[in-house]
Amino acid sequence: MEIIVGIDVSKDRLDVHVLPSGEAFSVENDHAGVEDLVRRLAALSPAVVGLESTGSFERLAVAALAGAGLAIVVVNPAQVRAYANALGKRAKTDPIDAAVIAAFIAATKPQLRPLRDAETEALAELVARRRQIVQMIVAEENRARTVIAKQAQKSIHRLLVALRRELASLDAGMDDHIRKSPVWRVNEKLLSSVPGVGPVVARSLIAEMPELGSLDRRQIAALAGLAPWTRQSGKWRGKSFIGGGRSHVRAALFMAALVAIRHNPVLKAFRDRLVEAGKPKIVAVVATMRKLLTIFNAIVRDQKPWQTT
């Protein structure tokens, strides 16, 4: 039987469960612990190793395991918890979660996708940091509108100057990263050929959705969390919703869609048709986001810039 490994990730520890043997152990979530983990799992030659996405705590283990040539899949914690609830497993501890992750992978057999390389990961971190700086700038600008005391105003002004300087530095750093890769330079130019799409959106997609061009339109929409899912039972049919996927990609696409609706005649006409057909405006915007992502996917796949015909 295939050996499947589930790993529950926390800040300080990695809890491991091996199927079908049921072996369980834990290691520290640091360089020494991860080296021990790689050594023990390499000896088992597992078919797949699954970890929950925690946002950052799994990165060291994922990088080391992938570097050792092991097949890695990073799963959605919400899906794993739903699977546990379906099995009636209400108890939740790290060892139990590791066993549930292994069982979830064995039952669902999620598709293995190539992991981001070190350069793409570094660009993604720069993009994420830029997003954080922009959020801080917006927060300080909002505070500046309500503060009356001159000393507080001066403090906000000094911080805004520093934040804007840091934003410029990050933009320069991303420029350097993009210039290092001929493929990234080409893809940034191709994505920016779409009217209304600037370098920030293009770089966000390059960094956070490296699968662009390698999946079909349904798969890429599902990966971004833009594939609608329905609620239906018998004759009753509820509203469709989107969710899951990569929230930062959706945020970038949302802003791109708002700009495209104003400056891209093709996408503006697409959105207007939906509104005239009675669709709520937010539904029309989400549909525009999905169409825009489909266009990006085709542009990268075919390596051809935006064309109106």
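## The sheet

In this predicted model, 5 strands make up an open sheet of mixed pairing, arranged in the order 3-2-1-4-5. The edges are held by strand 3 (24-28) and strand 5 (72-75); each has a single partner strand, so one side of each lacks a neighbour in the sheet. On average, neighbouring strands of this sheet are turned by 25 degrees against each other, direction ignored.

Strand 1 (residues 4-9) pairs with strand 4 (residues 48-52) in the parallel sense, over 4 bridges. Within this pairing, valine 5 has valine 49 of strand 4 as its bridge partner.

## Helices on the sheet

Helix 1 (residues 31-44) packs on the sheet and touches strand 1, strand 2 (13-19), strand 3 and strand 4. The direction of helix 1 makes about 145 degrees with that of strand 3.

Helix 4 (residues 94-108) lies across strand 1, strand 2, strand 4 and strand 5. Relative to strand 1, helix 4 runs at about 140 degrees.

## Helix 8 and helix 10

Two packed helices are described by the angle between their axes and the distance between the axes. For helix 8 (residues 199-208) and helix 10 (residues 247-263), the axes come within 10 Å and cross at roughly 155 degrees. Because angles over 145 degrees count as roughly antiparallel, helix 8 is roughly antiparallel to helix 10. Their crossing is left-handed.

On the helix 8 side, the contact consists of Val201, Ser204, Leu205 and Glu208, which meet His248, Val249, Ala252, Leu253 and Ala256 of helix 10. Sorted by class, this contact has 6 nonpolar, 2 polar and 1 charged residues.

## Helix 9 and helix 12

Helix 9 (residues 217-224) packs with helix 12 (residues 281-302) at an angle of about 120 degrees, the axes lying 10 Å apart. The two helices are therefore oblique to each other. Helix 9 passes helix 12 in a right-handed crossing.

Arg217, Ile220, Ala221 and Ala224 of helix 9 meet Arg290, Leu293, Thr294 and Asn297 of helix 12. By class, the contact between helix 9 and helix 12 has 4 nonpolar, 2 polar and 2 charged residues.

## Confidence of the prediction

The average pLDDT of the chain is 84, and 91% of the residues score at least 70. Among the elements of the chain, helix 11 (residues 265-276) has the highest mean pLDDT, at 92. The lowest mean pLDDT among these elements, 50, belongs to strand 7 (residues 236-237).

Terms used. Residues are numbered from 1 along each chain as its sequence is written. This is a predicted model: local features need pLDDT of at least 70, side-chain atom pairs count only at pLDDT 80 or more; totals for chains, interfaces and linings use all residues. Side-chain values use heavy atoms; hydrogens and water are left out. pLDDT is the predictor's confidence in each residue, from 0 to 100. Two strands pair if DSSP finds at least two bridges between them. Axes are lines fitted to C-alpha atoms, for helices over the stretch in contact, and angles run from 0 to 180 degrees between N-to-C directions. Contact means heavy atoms within 4.5 Å. Angles under 35 degrees count as roughly parallel, over 145 as roughly antiparallel, 65 to 115 as roughly perpendicular and the rest as oblique. A crossing is left-handed if the near helix is turned anticlockwise from the far one by less than a right angle, and right-handed if clockwise. Ala, Val, Leu, Ile, Met, Phe, Trp, Tyr, Cys and Pro count as nonpolar, Asp, Glu, Lys and Arg as charged, and the others, Gly among them, as polar.
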